[in-house]
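Got your viewer open? Let's take a short walk through one corner of this structure, picking out a few things to select along the way.

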Amino acid sequence: MSSSVLGLVRASHPEPAVAVTTVAGLLAWGAGHRPGGVVAVVLTVLASQLAVGWSNDALDADRDAMVGRTDKPVATGAVRRRTVGLAAMLAALATPALALTTTPAAAAWATVGLLSALLYDWPLKSTPVSVLPYAISFGLLPAFVVLALPGAPAPPVWLVAAAASLGAGA
């Protein structure tokens, strides 16, 4: 594996990206999605997670370098900020496109969840309202999964509230 690819993988925040994507896939399966629906949910959530992780590392590169973060590939020069920024943009554009393979309502909420998460990366990270993007994005994750079902049933309020609470706690 080339050092740039390894740097991109490391800059994607792979542990939380895999965890959130896996949970979304399991939720899709548990909610009754057919295999193609599970794949659509997983790919959409993975693209969203990659966009958020990469944009975070691209935006924080100077600060990470200044404090000597050796675990951050952009800050250490293992991968260029431009490369990570371009990857983030492509993943962000892929998210709604992938979500549109489900239902329009699900795609809309997946896009709002992505935008909310990106707002955490900039400009809300260091503000008193930084918890809001976590609550919104995590709350919208099960809403996306349920709305992606054929017939787009309404997601249970308790499920959205529980996910939002978990996100706020994170």
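What follows is a tour of two helices and the aromatic rings they carry, in a model that is predicted.

**Stop one: the helix pair.** Select residues 104-124, which are helix 6, and residues 131-147, which are helix 7. Their axes sit 8 Å apart and the helices pack at an angle of about 165°. Since angles over 145 degrees count as roughly antiparallel, helix 6 is roughly antiparallel to helix 7. The crossing of the two is left-handed.

**Stop two: the contact.** Now show side chains. On the helix 6 side, pick residues including W109, V112, S116 and Y120. From helix 7, add some of its partners, among them Y134, I136, L140 and F144. What classes of residue make up this contact? There are 15 nonpolar and three polar residues, with no charged ones.

**Stop three: the rings.** Searching the whole structure turns up two aromatic pairs. Start with Y120 and Y134, which meet edge-to-face, at 5.0 Å centre to centre and with 75° between the planes. Y120 belongs to helix 6 and Y134 to helix 7, so this pair ties together parts 14 residues apart in sequence. Is Y120 buried or exposed? Y120 is buried, at 19% relative accessible area, while Y134 is partly exposed at 28%.

Next, add F138. It stacks with Y134, at 6.2 Å centre to centre and 5° between the planes. The two are four residues apart in helix 7, so about one helical turn separates them. F138 is partly exposed, at 28% relative accessibility.

**Last stop.** Keep Y120, Y134 and F138 selected together: they form one aromatic cluster.

Terms used: Residues are numbered from 1 along each chain as its sequence is written. This is a predicted model: local features need pLDDT of at least 70, side-chain atom pairs count only at pLDDT 80 or more; totals for chains, interfaces and linings use all residues. Side-chain values use heavy atoms; hydrogens and water are left out. Axes are lines fitted to C-alpha atoms, for helices over the stretch in contact, and angles run from 0 to 180 degrees between N-to-C directions. Angles under 35 degrees count as roughly parallel, over 145 as roughly antiparallel, 65 to 115 as roughly perpendicular and the rest as oblique. A crossing is left-handed if the near helix is turned anticlockwise from the far one by less than a right angle, and right-handed if clockwise. Contact means heavy atoms within 4.5 Å. Ala, Val, Leu, Ile, Met, Phe, Trp, Tyr, Cys and Pro count as nonpolar, Asp, Glu, Lys and Arg as charged, and the others, Gly among them, as polar. Rings of Phe, Tyr and Trp (its six-membered ring) pair if their centres lie within 6.5 Å; planes under 30 degrees apart count as stacked, over 60 as edge-to-face and the rest as tilted. Buried means under 20% relative accessible area, exposed over 50%, partly exposed in between (1.4 Å probe, protein chains only).
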